[in-house]
Structures are given as structure tokens and as C-alpha cells.
Amino acid sequence: MKNGTIGILGGMGPEATAAFFSMLVRLDSATSDQGHLHIIVDSDPSIPDRTKFLLEGGTNPLPAMLSSARRLLAAGADIAGMPCMTAHALLDRIRHNCTLHILSAFEETSIALKEFSPPIRNLGILATMGTRQAMLFETAFPDKDIIWPDEALHRSLVVEAIYGSKGIKAGNLGNEPKHLLLEAAHILQNQGAEAIVAGCTEVPLVLSQKDIEIPFIDPMYYLARALIATARKGLF
């Protein structure tokens with residue numbers, strides 16, 4: 001059976017795209033260069049900001065995202081993933097307008113959470129305001145209680161860690177954004193969160209399970225795992 005080719009619809013942002021590519025390579029079971037899956041990366045950082053579009057009516061990123069998906073399809077990708085959680089607000093429209101088989105990080109994480117024992121009900125979310133406004137987690141996990149920080153704290157801690165002048169998207173993977181996100185995670189835990197979800201792909205660039213006392217859930221891990229399994233089984 002021929003393995004499928006994985007596409008990465010990336011650039012949102014570039015550092016998260018690079019991390020997702022590395023994750024795919026690490027999770028694959030290959031024992032030689034030639035044994036690895038074929039991966040095509042289209043990292044287009046000019047794609048307009050998804051949160052600005054959702055919150056402020058900024059430039060619609062859909063045309064640029066569709067162009068990226070079509071480039072991946074033309075290059076030979078059989079399946080693809082998007083290492084940007086907020087971009088999933090547009091996933092249905094991309095699927096409707098492009099035949100590329102794009103897996104959802106939300107759908108794959110929802111499936112994976114059913115395997116957790118003991119089960120986790122209360123999810124604390126570290127994500128953009130766009131993801132919060134679009135209610136992506138509430139829609140994807142109707143059987144879970146979704147916990148957010150107070151909106152003011154969300155902006156001063158999580159948004160600042162991601163978008164601030166010393167934030168992750170500004171190229172800072174050091175202590176400043178990490179401490180902000182840790183403070184937000186502790187607040188969520190005090191609000192009853194049983195797990196912390198990296199609801200933005202920038203979050204795992206500075207946080208990992210070793211930093212969090214309760215389970216730390218990275219949807220990109222489950223998306224990568226599903227892409228590899230689908231490509232290996234030829235299910236595309």
C-alpha cells in the first residue's frame with residue numbers, strides 16, 4: 001500500500017509551523033531517512049491574522065488559506081493539517097471550496113480525550129481571543145466544561161504572551177511569555193480546570209507538561225498522530 005503525502009497549511013505562525021513539522025518527523029515510526037513520510041510544507045506568513053478578522057472585521061484570511069490548500073493539493077498532498085487553532089474557524093469553508101482532505105485538530109483531540117482515564121471534564125483553555133469569540137472549543141467539546149480566564153486577565157496574560165511586544169509571535173520564546181501563560185494556567189486550575197489545553201499553537205513553544213501540575217493537552221500532538229496514521233494506512 002502506498003503511503004500518503006502529508007501537507008502542512010502553515011505560516012500561522014512560522015515558528016509553530018516549524019514545530020509541527022518537527023513533531024510529525026519525531027512521531028513517525030521510520031528507522032531511516034527513506035522510511036519517513038513525504039511531507040510538503042506551505043508556510044505563508046502573509047496570510048492575514050485570523051483573530052483580527054474574527055474580532056475586528058480585518059482582512060479575510062480565507063482566500064490566502066484556500067490558495068495555500070490548493071498549492072498543497074497541486075504539489076501532491078493527499079491529506080493536510082493546519083498548525084493554527086484559530087484558523088479552524090474557517091476550516092469548513094476551506095473544505096467546502098477545496099478537495100484537499102484536511103484533518104481538524106479539534107476533531108482529533110475530541111476523539112483522543114475519550115481515551116483518557118480517569119475522564120477529564122473541565123478543560124482550561126489558553127488560546128487567542130479569536131478562538132474564544134468563535135466558541136471553537138465549546139462547539140468541538142459539547143460534553144466538556146470549557147473554562148476561560150476572566151476576559152481582562154485573558155488579554156493581559158494570554159494575549160500578551162502571544163501577541164505582545166515581548167510575546168511569542170515577536171520571536172520571544174523566553175521567560176516573559178512563559179511566566180504569563182503559567183500565571184494564566186494557575187488561574188484556570190484554581191477555577192476548577194482538570195487539564196490545561198494549548199488552544200493556540202504558540203503556547204507549546206514555551207510551555208510543556210513539565211511546567212504544569214495537571215495534564216497539559218496539545219491538540220497538535222493528536223493532529224500529527226492522526227495525520228501519520230491516515231497517511232500510513234492510505235486512508236485519504
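**Domains and salt bridges, talked through**

Mentor: Let's begin with Asp-211, which at 18% relative accessibility counts as buried. Keep in mind that we're looking at a predicted model.

Trainee: Okay, so which residue forms a salt bridge with Asp-211?

Mentor: Asp-211 sits in the loop between β7 (195-198) and β8 (216-217), and its partner is in helix α9 (residues 175-190), 33 residues apart from it. The closest N and O atoms of the pair are 3.1 Å apart. The partner is Lys-178.

Trainee: There's also a bridge between Arg-95 and Glu-107. How many residues apart in sequence are the parts that this pair ties together?

Mentor: The closest N and O atoms of Arg-95 and Glu-107 are 3.2 Å apart. Arg-95 is partly exposed at 30%, and Glu-107 is partly exposed too, at 41%. Arg-95 lies in helix α4 (residues 91-97) and Glu-107 in helix α5 (residues 105-113), so the parts tied together are twelve residues apart.

Trainee: And Glu-151 with Arg-155: what separates those two along helix α8?

Mentor: Their side chains meet in a salt bridge at 3.3 Å, N to O. Glu-151 has a relative accessible area of 41% and Arg-155 has 44%, so each falls in the partly exposed range between 20% and 50%. They're four residues apart in helix α8 (residues 151-163), which puts between them about one helical turn.

Trainee: Let's go to the domains. How much area do domain 1 and domain 2 bury between them?

Mentor: Domain 1 covers 6-105 + 221-233, and domain 2 covers 111-218. Their contact takes 20 residues from domain 1 and 22 residues from domain 2. Carbon and sulfur atoms account for 62% of the buried area, which comes to about 1,500 Å².

Trainee: Which residues in domain 1 lose the most area to domain 2?

Mentor: By class, the side of domain 1 that touches domain 2 has twelve nonpolar, four polar and four charged residues. The residues you're after account together for 35% of what that side buries. They are Leu-55, Met-85 and Tyr-222.

Trainee: What about charge pairing across that interface: how many salt bridges does the rule find there?

Mentor: The whole structure holds ten salt bridges. Glu-115 falls within the domain 2 range and Arg-225 within that of domain 1, and the two form a salt bridge with their closest N and O atoms 3.9 Å apart. That sits inside the 4 Å cut-off. Across the interface, the count is one.

Conventions
Residues are numbered from 1 along each chain as its sequence is written. This is a predicted model: local features need pLDDT of at least 70, side-chain atom pairs count only at pLDDT 80 or more; totals for chains, interfaces and linings use all residues. Side-chain values use heavy atoms; hydrogens and water are left out. Domain bounds come from an automatic or database domain assignment. Contact means heavy atoms within 4.5 Å. Buried area is the accessible area (1.4 Å probe) that two parts lose on being put together, summed over both. Ala, Val, Leu, Ile, Met, Phe, Trp, Tyr, Cys and Pro count as nonpolar, Asp, Glu, Lys and Arg as charged, and the others, Gly among them, as polar. Buried means under 20% relative accessible area, exposed over 50%, partly exposed in between (1.4 Å probe, protein chains only).
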